[in-house]
Amino acid sequence: MTTLSLGWDLDVTQGEGWLIIRPRPHGPQTLELVPLADEILKLLEWCWANRVILVLDGLDLLTSFVVGQFVKLHKNLERQGGILRLCGVKPQHRQALERVGLTMCLPIYDDVRDAVMGSFPCKPR
């Protein structure tokens with residue numbers, strides 16, 4: 001399902017009890033002006049979900065405003081007993097988040113599968 005907000009395209013899928021969202025900004029102004037967290041929180045209310053994986057491979061620029069939106073989303077989800085995980089983060093963005101210590105509250109995984117599993121190893125079948 002693709003949802004459109006004022007400045008973001010949100011490609012949304014559900015799986016394994018998670019809402020998997022791939023946000024894509026319409027343009028550079030989106031990264032500074034359009035509150036991504038509010039759009040995702042509205043979507044979560046509609047979907048009755050509180051576990052979110054943001055797939056950020058479509059995000060070329062990581063601004064402080066967008067990082068603030070991630071923190072806002074994390075805090076809202078945490079208050080509701082939910083979880084936010086990131087994946088598809090570009091190496092330079094990962095380094096920036098690590099430098100400012102945000103990877104403690106915004107865990108980063110290599111891909112959606114790893115984000116769903118968290119730090120649990122796969123069990124053999």
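**Reading the terms from the values**

Q: What makes the approach of the histidine 74 side chain to cysteine 105 a polar contact?
A: The side chain of histidine 74 reaches the backbone oxygen of cysteine 105 at 3.3 Å. A polar contact is a pair of N or O atoms within 3.5 Å; within protein, one must be able to donate a hydrogen and the other to accept it, and residues adjacent in sequence count only if both atoms are side-chain atoms. The 3.3 Å value is within 3.5 Å, so the term applies.

Q: What kind of model is this, and how are residues numbered?
A: This is a predicted model: local features need pLDDT of at least 70, side-chain atom pairs count only at pLDDT 80 or more, and totals for chains, interfaces and linings use all residues. Residues are numbered from 1 along each chain as its sequence is written, and side-chain values use heavy atoms, leaving out hydrogens and water.

Q: Why is histidine 74 called buried?
A: Its relative accessible area is 13%. Buried means under 20%, exposed over 50%, and partly exposed in between (1.4 Å probe, protein chains only). Histidine 74 is therefore buried.

Q: Where is histidine 74, and which residues does it touch?
A: Histidine 74 is found in helix 3, residues 64-79. A helix is a DSSP run of H or I with at least four residues; a strand is a run of E with at least two; both are numbered from the N terminus. Not counting residues up to four places away in sequence, histidine 74 touches Leu84, Cys105 and Leu106. Contact means heavy atoms within 4.5 Å.

Q: How do you know that glycine 118 is buried?
A: The relative accessible area of glycine 118 is 13%. That is under the 20% limit, so glycine 118 is buried. Glycine 118 lies in the segment after helix 5 (112-117). Leaving aside neighbours within four places in sequence, glycine 118 is in contact with Arg85 and Tyr109.

Q: Why are strand 2 and strand 3 called paired?
A: Two strands pair if DSSP finds at least two bridges between them. Eight bridges join strand 2 (residues 8-15) to strand 3 (residues 18-25), so they pair. These strands run antiparallel. Aspartate 9 stands opposite arginine 24 in strand 3.

Q: What do strand 2 and strand 3 form?
A: They form a hairpin with two residues between them. Glutamate 16 in the turn has a positive phi of about 55°.

Q: How many helices and strands does the protein have?
A: There are five helices and six strands. Along the sequence, the pattern is β-β-β-α-α-β-α-β-α-β-α.
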